[in-house]
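Student: I should like to understand how the descriptive terms used for a model are justified. Please set each value against its definition.

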Amino acid sequence: DGTEDNTYYVVVEKQQSDICTLDAIYLDGLPLEGFAPNIFKYDVALPAGTDLPTVTATTSDPAATLQIAMDTLRAIATVTVTAENKDQKMYAIYFTIAKNNDATLSGIFADGELIANFDALTFDYTLDIPFGAPLPGITATATDPNAQVAIRVVDAMHYTILVVAEDGQTTLTYTVTLVQLPSTNSNLLNI
């Protein structure tokens with residue numbers, strides 16, 4: 001009959017996507033300010049006392065995968081996006097946490113006891129010392145454990161306490177004056 005049967009096979013290969021960008025980056029669930037898919041480095045300033053945020057992201061292509069790593073010692077988060085064809089791009093977020101500017105004291109102590117009526121925003125104190133009693137040792141504790149406290153003995157009866165905040169710029173000065181009370185022994189008046 002002269003007819004011939006030929007079998008043809010068509011192989012359809014799906015082109016794998018090479019899209020390895022992000023649609024968004026989120027810090028603690030909030031969009032990263034200034035994000036753009038073609039910007040791969042971000043600097044984020046955080047307020048003093050803040051923990052590093054949780055970083056999440058969404059890919060531009062649903063076939064792409066992502067891996068998020070947080071280096072807490074260096075305060076850097078990286079988001080690596082891998083396209084379906086295995087191309088990769090990496091986004092980096094560099095965090096800086098502001099230094100604390102709290103230069104207040106949480107306490108001033110005389111021989112280890114908190115002085116009466118201490119208030120972090122009161123800067124001058126007078127302590128009455130009973131006649132004949134030894135003068136107490138004066139110590140102080142900063143509210144922020146990263147602040148520096150320096151106690152200077154002006155003379156036996158006067159102390160200056162300088163507090164330098166973690167930021168190295170903010171300072172507060174407290175003064176403590178000891179007042180030796182006169183004797184209340186009336187027997188000495190007739191001598």
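Tutor: The discussion below turns to aromatic pairs, burial and the overall chain. This is a predicted model, in which local features need pLDDT of at least 70 and side-chain atom pairs count only at pLDDT 80 or more, while totals for chains, interfaces and linings use all residues. Residues are numbered from 1 along each chain as its sequence is written, and side-chain values use heavy atoms, with hydrogens and water left out.

Student: Why is the pair of Phe 35 and Tyr 91 called tilted?

Tutor: Rings of Phe, Tyr and Trp (its six-membered ring) pair if their centres lie within 6.5 Å; planes under 30 degrees apart are stacked, over 60 edge-to-face, and the rest tilted. For Phe 35 and Tyr 91 the centres are 6.1 Å apart and the planes make 40°, so the pair is tilted. Five aromatic pairs are counted by this rule.

Student: What makes this pair a link between distant parts of the chain?

Tutor: Phe 35 lies in the loop between strand E2 (30-31) and strand E3 (41-46), whereas Tyr 91 lies in strand E7 (residues 88-97), 56 residues apart. Strands (E, at least two residues) are DSSP runs, numbered from the N terminus.

Student: How do you know whether Phe 35 is buried or exposed?

Tutor: Buried means under 20% relative accessible area, exposed over 50%, and partly exposed in between (1.4 Å probe, protein chains only). Phe 35 has 18%, so this residue is buried. Tyr 91, at 0%, is buried by the same rule.

Student: Why is the pair of Phe 123 and Tyr 174 called tilted?

Tutor: The ring centres of Phe 123 and Tyr 174 are 5.0 Å apart and their planes stand at 50°, so the pair is tilted. Phe 123 is in the loop between strand E9 (113-114) and strand E10 (124-129) and Tyr 174 in strand E14 (residues 171-180), so the pair ties together parts 51 residues apart in sequence. Phe 123 counts as partly exposed at 27%, while Tyr 174 is buried at 0%.

Student: How do you know that the chain is not a compact globule?

Tutor: The radius of gyration is taken over C-alpha atoms, and the globule rule is 2.2 Å times the number of residues to the power 0.38. A compact globule of 191 residues would have a radius near 16 Å, but the protein chain has 34 Å. The C-alpha trace spans about 155 × 25 × 20 Å along its principal axes.

Note on methods:
Helix = DSSP H or I, 4+ residues; strand = E, 2+ residues; numbered from the N terminus.
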